Amino acid sequence: MGAIDAVVTWVDGSNPQHIKKRREALLMSGHHPDRPSNGTEETRFSNLGEIYYCIASILKYAPFVRYIYVVADNQVPSHIQDFVKCGLCEAGKIRIVDHRTIFEGYEEFLPTFNSLSIELMLWRIPGLSEAFLYFNDDVFLNAPVSPDDFMDASGRMVVYGRPRSVWPRLLKYRLKKIKCFLKGRVPPAHFKTAQMHAARLFNLADYVEVGHTPHLMRRSVFREFFERHPQAVRRQLKPKFRTLDQFLPAGLPVHAAFRESNVELRRRQEVYLKPSLVGPNQLDMIRNEHGLFGCAQSLDRFKPTDLRVFRTAMADKLAEYLPKAALLWMEQLDRKRMSRQRDHAEASVLLWKADME
């Protein structure tokens with residue numbers, strides 16, 4: 001398969017400049033800043049250090065990865081250079097790529113806060129390998145992997161998912177559009193629907209349902225798509241925030257291969273954590289490397305106790321690959337958040353007492 005790079009998309013939504021740009025884009029796009037939809041919620045832009053787990057897991061479990069590209073909007077993670085300073089990887093291993101680089105020639109669509117638009121442009125990173133692994137920053141490797149876990153010996157793409165009929169998902173999509181139109185709401189973006197849209201681009205009756213894992217991408221598939229479907233590219237890039245009408249870019253190489261029967265489907269192998277799903281089973285899977293992949297979604301909404309046990313499990317798991325400065329920064333960030341939450345709770349109690357009097 002040749003050289004394999006990793007690409008990680010990242011954003012710090014707490015940055016004042018980013019907040020200002022995002023709010024302006026919300027207003028221009030017709031979104032109400034105080035009534036977020038699935039594509040505009042602040043949790044999508046939260047930065048609680050997830051990227052450090054992602055990069056540390058690649059260094060530990062995927063030593064075959066050549067370069068790790070971090071794609072961001074005029075931002076740099078605070079402690080990204082500490083991986084080199086601490087001797088955890090060689091200089092030049094981790095490379096920052098700005099949105100302006102991958103959107104060259106398409107600058108009219110910047111700034112964008114739409115992950116489905118950004119993902120479509122990742123293949124344009126200069127010097128990127130033909131086959132590369134795409135990670136959202138909240139995705140990590142949970143166990144050792146090799147290139148064979150993404151491409152089998154016969155050259156077929158390995159996909160961790162299962163085929164599902166397009167038609168039930170298409171019906172739900174159309175009903176959702178009608179329902180939201182009648183209520184005057186923006187239809188919320190949906191991960192499975194985006195996968196269905198990708199399959200329909202190839203006129204397939206089934207789509208491959210995948211989870212929140214690293215995705216193998218191929219530059220040649222995207223290059224051909226850009227050449228053959230320039231209008232579809234522009235439609236995908238236009239929305240400033242995720243929409244229900246967009247396709248999943250990672251689904252392009254999957255469904256291109258699926259159409260040619262050039263895919264080996266394997267059962268999903270991931271530990272998935274979210275605010276309502278943090279328990280002993282998930283934590284044991286992390287500690288014991290059960291499942292190749294992991295995803296911790298919306299850390300900003302975790303209960304303090306759940307966040308603490310998750311942090312401990314990840315720090316223990318990746319101890320030799322995480323910069324101490326990054327760990328300290330995450331601890332300080334968590335303490336500040338807990339302090340603000342206590343202050344907010346106390347203020348609410350005082351207001352309640354004042355109302356009672």
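**Exercise 1. What pLDDT does the protein average, and what share of the residues score at least 70?**

Solution. The model is predicted, so local features need pLDDT of at least 70, side-chain atom pairs count only at pLDDT 80 or more, and totals for chains, interfaces and linings use all residues. Residues are numbered from 1 along each chain as its sequence is written, and side-chain values use heavy atoms, without hydrogens and water.

Step 1. pLDDT is the predictor's confidence in each residue, from 0 to 100.
Step 2. The protein averages 91, and 92% of the residues score at least 70.
Step 3. Over residues 345-354 pLDDT stays under 50. For this stretch the model has zero contacts beyond four places in sequence, where contact means heavy atoms within 4.5 Å.

**Exercise 2. Work out how the strands around β6 are arranged.**

Solution. Step 1. Helices (H or I, at least four residues) and strands (E, at least two) are DSSP runs, numbered from the N terminus. Two strands pair if DSSP finds at least two bridges between them.
Step 2. Strands of a sheet pair through backbone hydrogen bonds, either parallel or antiparallel.
Step 3. β6 (residues 157-165) pairs with β9 (residues 263-266) in the parallel sense over four bridges. In β9, E264 is the bridge partner of V158.
Step 4. β6 and β7 (residues 206-210) run antiparallel and are joined by five bridges. R162 stands opposite E209 of β7, and R164 has Y207 of β7 as its bridge partner.
Step 5. The three strands form an open sheet in the order β7-β6-β9, with mixed pairing. β7 and β9 are the edge strands, each pairing on one side only.

**Exercise 3. Which helices pack on this sheet, and which strands do they touch?**

Solution. Step 1. Axes are lines fitted to C-alpha atoms, for helices over the stretch in contact; angles run from 0 to 180 degrees between N-to-C directions.
Step 2. Helix α6 (residues 166-183) touches β6 and β7, and its direction makes about 70° with that of β6.
Step 3. Helix α10 (residues 251-259) touches β6, β7 and β9, and its direction makes about 135° with that of β7.

**Exercise 4. Which residues of α11 are buried, and why do they line one face of the helix?**

Solution. Step 1. Buried means under 20% relative accessible area, exposed over 50%, and partly exposed in between (1.4 Å probe, protein chains only).
Step 2. In α11 (residues 280-287), Q282, L283 and I286 are buried.
Step 3. Seen down the axis, the buried residues fall within an arc of 95°, so they line one face. The arc is that of the directions from the helix axis to the C-beta atoms.
Step 4. The buried residues of α11 pack against β5 (139-141), β10 (270-273) and α12 (304-317). The face turned away from the buried side carries the exposed residues P280 and N281.
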